[in-house]
Amino acid sequence: MLKNLFHIRYYLLVALLAYGTFVWAGLTGHRLLGDDNESTENLNGTGSHGSGRHGRGLYFHK
Amino acid sequence: MREPATTLSAQLPCPHCRASITYYDVQGSTHYGCPECYTFFKYEGEGPAQELRRFRDVPRVAPALPLGLVGTLPDGLLYRVVGHLLRKEASSAARWLEYVLFNPTAGYAQLAVYEGHWIFIRPDKLSYHVNPGSAGSYAFVEAEGATYNLYNKYSPRTLYAVGEFDYNILDDDKLSVSEFIAPPLMLVQEKTKGQPTAWYRAEHIEPAAVAAAFGVEQNKLPYRNGTGAIQPAPGGAAWAVLRPLTLWLLLLVVLTQAALLVLRPERQVLSQNFSSGIGSTPNPNMVVQNNALVLVSESFPIEGPTAVEVELRAEVDNSWIELPVSMVNEQTGQSYEFTKSIEYYHGYEGGENWSEGSVEGDAVLGPVPSGRYHLNVYPTSENNRPVSFTLRVTQNATLTSNVLLVLAALLIWPGILAWRRHAHEESRWSQSDYDPKQND
C-alpha cells in the first residue's frame, strides 16, 4: 500500500494541501475565490468613529 | 538468475553463396537463413543442405539488434539474438519484425516489434480455455484473475528470415493465431490442423528496456507510432491507487463540509426592511449626511472570524436601484463595503413574455472578526423614486465555492489521467476488429 502511495506522492501532497486549505478557510470564514469586499481602508478606517458613515467616501458609481 | 547465453557456436556454409553462417544452438538448429543471399535452407547435420526459399523482401533498414548480440531480458536470463524474421498478416499489410532469442537452458524466446512497440514472448506450458463469447461479446480467456480479451486473429506470412531456427519457420504460414490481451500481458494461441494447440505468453517491454538489455542506443530502435496492443495505459501503478484515493478524498471533503455546517451553523443576525426614498412617512433609520441619504440598520453581533452573507431583495418593477452598502464594526470602525445594482424589467413583445434581471442580490464578506456591526446603505434609484428593499445578514455563510474549488483541485490530475487512459484504450482498440465496446 505504501509502495503504491509512493507513485502518487506529489498528488497526495497537493491533495493534503488543498484539503488543509479548505478546512482552514471553512473555520476562519475565508472565501478562497475572494470575497465581495471593496473596501481598501485599514483597520480603524479612514473616517471618524461613531455612528453613521465610518471611513467611507461618498462615491456613487454606476 | 543469470545464465550464459551460450558460448558454443559453429559455422556452416550457405549452399547458395557459400557464405559462412555462425549458429549457436548446435544441437537443435535445423533451418538457416543466409544473411548474405537470403537463401533459406534446411540442414540437419547430415547430407546436403536443402534450399527451401530465397527471400526477396529484405528489410530496408537493418534490424536494430544484430545476430549474435546478447542481452538480459525481463525474465532475468541472458539471451542471444539468433534469428530475424519479417512477417505480415495474410489478410492485411501489417508487418512486424521478430527477433529469435536463444538461451541454452531456457530455450527459445522472441522479441517482436510492431510500429516501435516491443513485446517479449515465451512459450507457455499451460493450456487455456477459450470462452467463445456470446452474441454480446467476443472470445476471451480467464487466467490468473484477469480477463484476456480477443484482440487479433490472423495467419502469418514469412517475408524474410536470417539466422538459425529449430524448425521450418515456413510452416508457420499454416498457423491460425489468436491474440488475447490483458495489458501489459498477452496470451497467444497458435493452432495448426492436426497439431496440438500451442500457447505463448507475451509481455510489453519498453524500448528503453530493450536498448538497455542489449546495450544499444535507444535512438537506433524503430520510432514508436500509435498505441501498442499491450502497451500499458498512462498512470500505470499510480492509477490503481489514485482512483480509490480520489473517491475517498472527495467523500472526505463532503463530510468535512457537513461537519462545518453542524459545528458552525448558519445564523441570521439581521433582517430589516428599508425604503430608499424620503416618502410621506418618517423613516427612523434615515440620516442625511453631506446632502446624501444614508440608511442605517439596527446593530447586530457577529461571532467571528466568520464569513458573512448579505442578501438584498428590492421591490423593483421595470426599474433599478443601486445599493452601496457598508458594514461597519462599531468598536474598531473597520468597514466592509460592496455595491449591488438590482434591476428587473419585464414585458410582452411579439406575442411572448420576456423578463431580464432579478429582484435579488447577495454579497459575501469575510473573514469578519467578532464584534457589533451595523449597515450603512446609500441607495440611489431610478428618478429617486422610493423603493422598498430588505437586507438580511447571515453569519457562518455556507461557502459553496470553497467546496467546488477543492473538489476541482482534487479532480484535476485524476481527471486528466482518466481522459488520457480513455484515449489510450480508444487508440488501442481502434486497431482491432474485436473492440468489446463495438459489440455491445
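A residue is called buried here if 20 or more other C-beta atoms lie within 10 Å of its own, and exposed if 12 or fewer do. With that in hand, let's walk through this predicted model, starting with chain A.

Chain A has two helices and zero strands, and buried residues make up 24% of its 62 residues. Helix α2 of chain A, residues 9-28, is a good place to look. Its 20 residues reach 28 Å from the first C-alpha to the last, close to the 28 Å expected at 1.5 Å a residue. Along α2(A), the buried residues are A:Tyr11, A:Ala15, A:Ala18, A:Phe22, A:Ala25 and A:Gly26. They lie on the same side of α2(A) because they cover an arc of only 100° around the axis. Turn to the other side of α2(A) and you will find A:Arg9, A:Tyr10, A:Leu13, A:Leu16, A:Leu17, A:Gly20 and A:Trp24 exposed. What do the buried residues of α2(A) pack against? Their partners are in chain B: α2 (237-263) and α3 (400-430). Just after α2(A) comes A:Gly29, with a positive phi near 80°.

Now for chain B, which is divided into domain 1 (10-230), domain 2 (239-261 + 402-439) and domain 3 (267-397). Taken over C-alpha atoms, the centres of domain 1 of chain B and domain 2 of chain B are 38 Å apart. Where these two touch, domain 1 of chain B supplies 10 residues and domain 2 of chain B supplies eight residues. On the domain 1 side of that contact there are four nonpolar, six polar and no charged residues.

Next, have a look at some strands of chain B. Strand β11 (residues 130-131) and strand β12 (residues 140-143) of chain B pair in the antiparallel sense over two bridges, and B:Val130 has B:Val141 in β12(B) as its bridge partner. β12(B) also pairs with strand β13 (residues 146-154) of chain B, again antiparallel, over four bridges. Here B:Glu142 is matched with B:Thr147 in β13(B). β12(B) and β13(B) form a hairpin with two residues between them, and B:Glu144 in the turn has a positive phi of about 50°.

Further along is strand β27 (residues 371-377) of chain B, which is mostly covered, with five of its seven residues buried. Three bridges link β27(B) to strand β21 (residues 300-302) of chain B in an antiparallel arrangement, with B:Phe300 opposite B:Tyr373. Strand β23 (residues 319-329) of chain B is also antiparallel to β27(B), joined by five bridges; B:Ser326 has B:Asn376 as its bridge partner.

The loops of chain B deserve a stop too. The peptide bond between B:Pro183 and B:Pro184 is cis, with omega about 10°, and B:Pro184 sits in the loop between β15 (176-182) and β16 (185-191) of chain B. Another cis peptide bond runs from B:Gly304 to B:Pro305, with omega near 0°. B:Pro305 belongs to the loop between β21 and β22 (306-314) of chain B.

Two loop residues finish the tour. B:Glu115 is not a glycine, although its phi is positive at about 55°, and it lies between β9 (107-114) and β10 (117-124) of chain B. Is B:Glu115 partly exposed or buried? It counts as partly exposed because it has 16 C-beta neighbours inside 10 Å. B:Asn383, in the loop between β28 (380-381) and β29 (388-395) of chain B, also has a positive phi, near 55°. With 5 C-beta neighbours inside 10 Å, B:Asn383 counts as exposed.

Conventions: Residues are numbered from 1 along each chain as its sequence is written. Chains are lettered from A and ligands numbered from 1 in the order in which they are written. This is a predicted model: local features need pLDDT of at least 70, side-chain atom pairs count only at pLDDT 80 or more; totals for chains, interfaces and linings use all residues. The expected span of a helix is 1.5 Å times one less than its number of residues. The arc is that of the directions from the helix axis to the C-beta atoms. Two residues are in contact if their C-beta atoms, placed from the backbone, lie within 7 Å. Two strands pair if DSSP finds at least two bridges between them. Domain bounds come from an automatic or database domain assignment. Ala, Val, Leu, Ile, Met, Phe, Trp, Tyr, Cys and Pro count as nonpolar, Asp, Glu, Lys and Arg as charged, and the others, Gly among them, as polar.
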